[in-house]
Amino acid sequence: MSRALPAQVGDAVIIEQSWGEPERFSAIFDRYYPEIHDYAARRLDSALADDIAAETFLIAFDKRTGYDLARPDARPWLYGITSNLIARHRRAEVRQYRALAKAGTEKPMEDHADRVAGVVDAGARKSRLAQALAEIADGDRDVLLLIAWAEFTSEEAGSALGIPAGTARSRLHRARRKIQAVLGEDAS
């Protein structure tokens, strides 16, 4: 019979316990599936998000014995897996942004434009923002969206993507400059 784990038990502890008791990994799934799914849905679409989120946890489960137990928070690890899976679907993501750009303001982006571009009037600038997101380099877009939508720090985004924090900060800076240029804002 499985023991219940208190909410404050760290991810590394749960993952380590899952090495001997695989059912323990369900606590990681329960903690993070909704936010991983939401992130994937923002990047792609709902149908693909279901597949991406499910595949993220299948891969994480399969690779759990290699998890670095010195990292108490599994979020960057999971978002890294998700980002790698999304990379396989980049063309679909770019098509979605281009479709949004053509559609104008017909499809609400749930105020994500404000978080991505700072002081953006989502209704008036959504089309240009979507076009800018479609044109940003893949790595720059990954960092920007991990920081904007998953509320990661540069260090966490770098960890998720397997790059140094300084590289993540550089990519974020480039992405913000591109967004600001497209939206006609002061890039300073």
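Helices, as the word is used here, are DSSP runs of at least four residues, numbered from the N terminus. By that rule, Glu151 falls in the loop between H8 and helix H9, the latter covering 154–161. The structure is a predicted model, and the paragraphs below lead from its overall plan to individual residues.

The protein contains ten helices and zero strands. Read along the sequence, its pattern is α-α-α-α-α-α-α-α-α-α. Of its 188 residues, 44% are buried. The exposed surface of the protein amounts to about 9,400 Å², and carbon and sulfur atoms supply 51% of that area. Among the contacts with a separation of 6 or more, 62% are between residues 24 or more positions apart.

The interior may be considered next. In soluble globular proteins, nonpolar side chains tend to be buried together. The largest nonpolar core of this model has 53 residues, and Trp77 and Leu78 touch the most other members. Helix H8, residues 138–149, gives the most to this core, with seven residues. What does Leu78 contact, once its neighbours within four places in sequence are left aside? Its partners are Ile28, Tyr32, Ile36, Thr56, Phe57 and Ala60.

Several of these partners lead to a pair of helices. Two packed helices are described by the angle between their axes and the distance between the axes. For helix H2 (residues 26–43) and helix H3 (residues 46–62), the axes come within 8 Å and cross at roughly 145 degrees. The crossing of H2 past H3 is right-handed. On the H2 side, the contact is made by Ile28, Phe29, Tyr32, Tyr33, Ile36, His37, Ala40 and Ala41. On the H3 side, Ser46, Ala49, Asp50, Ile52, Ala53, Ala54, Thr56 and Phe57 take part. By character, the residues of this contact comprise twelve nonpolar, three polar and one charged. Ile28, Tyr32 and Ile36 of H2, together with Thr56 and Phe57 of H3, thus appear in this contact and also among the contacts of Leu78.

Helix H8 offers two residues for closer study. Val143 is found in this helix. Is Val143 buried or exposed? Its relative accessible area is 0%, and the cut-off for burial is under 20%, so Val143 is buried. Not counting residues up to four places away in sequence, Val143 touches Ala157, Leu161, Ile163, Ala168, Arg171 and Leu172. Val143 and Ser170 are 27 residues apart in sequence, and their C-alpha atoms are 9.5 Å apart in space.

Asp140 also lies in helix H8. This residue has a relative accessible area of 8%; because that value is under 20%, Asp140 counts as buried. Leaving aside neighbours within four places in sequence, Asp140 is in contact with Arg171, Arg174 and Ala175. Arg171 therefore links the two descriptions, since it is in contact with Asp140 and with Val143.

Beyond H8 comes the loop that holds Glu151. Although Glu151 is not a glycine, it has a positive phi of about 60 degrees. Its relative accessibility is 59%, which is over 50%, and Glu151 therefore counts as exposed.

Glu156 is found in the helix that follows this loop, H9. Why is Glu156 classed as partly exposed? The reason is that its relative accessibility of 22% falls between the limits of 20% and 50%. Not counting residues up to four places away in sequence, Glu156 touches Asp73, Pro76 and Glu151. Glu156 and Val143 are 13 residues apart along the chain, with their C-alpha atoms separated by 9.6 Å.

Two further residues illustrate how positions separated in sequence are placed in space. Glu16 belongs to helix H1, residues 11–20. At 43% relative accessibility, Glu16 counts as partly exposed. Glu16 and Arg64 are 48 residues apart in sequence, while the distance from C-alpha to C-alpha is 7.9 Å. Arg95 is found in helix H5, residues 90–103. With a relative accessible area of 55%, Arg95 is exposed. Arg95 and Leu44 are 51 residues apart in sequence and 9.2 Å apart in space, C-alpha to C-alpha.

Technical notes: Residues are numbered from 1 along each chain as its sequence is written. This is a predicted model: local features need pLDDT of at least 70, side-chain atom pairs count only at pLDDT 80 or more; totals for chains, interfaces and linings use all residues. Side-chain values use heavy atoms; hydrogens and water are left out. A nonpolar core is a set of buried Ala, Val, Leu, Ile, Met, Phe, Trp, Tyr and Cys residues joined through side-chain atoms within 4.5 Å. Buried means under 20% relative accessible area, exposed over 50%, partly exposed in between (1.4 Å probe, protein chains only). Contact means heavy atoms within 4.5 Å. Accessible areas come from the Shrake-Rupley method with a 1.4 Å probe; for residues, only the protein chains shown count as cover. Axes are lines fitted to C-alpha atoms, for helices over the stretch in contact, and angles run from 0 to 180 degrees between N-to-C directions. A crossing is left-handed if the near helix is turned anticlockwise from the far one by less than a right angle, and right-handed if clockwise. Ala, Val, Leu, Ile, Met, Phe, Trp, Tyr, Cys and Pro count as nonpolar, Asp, Glu, Lys and Arg as charged, and the others, Gly among them, as polar.
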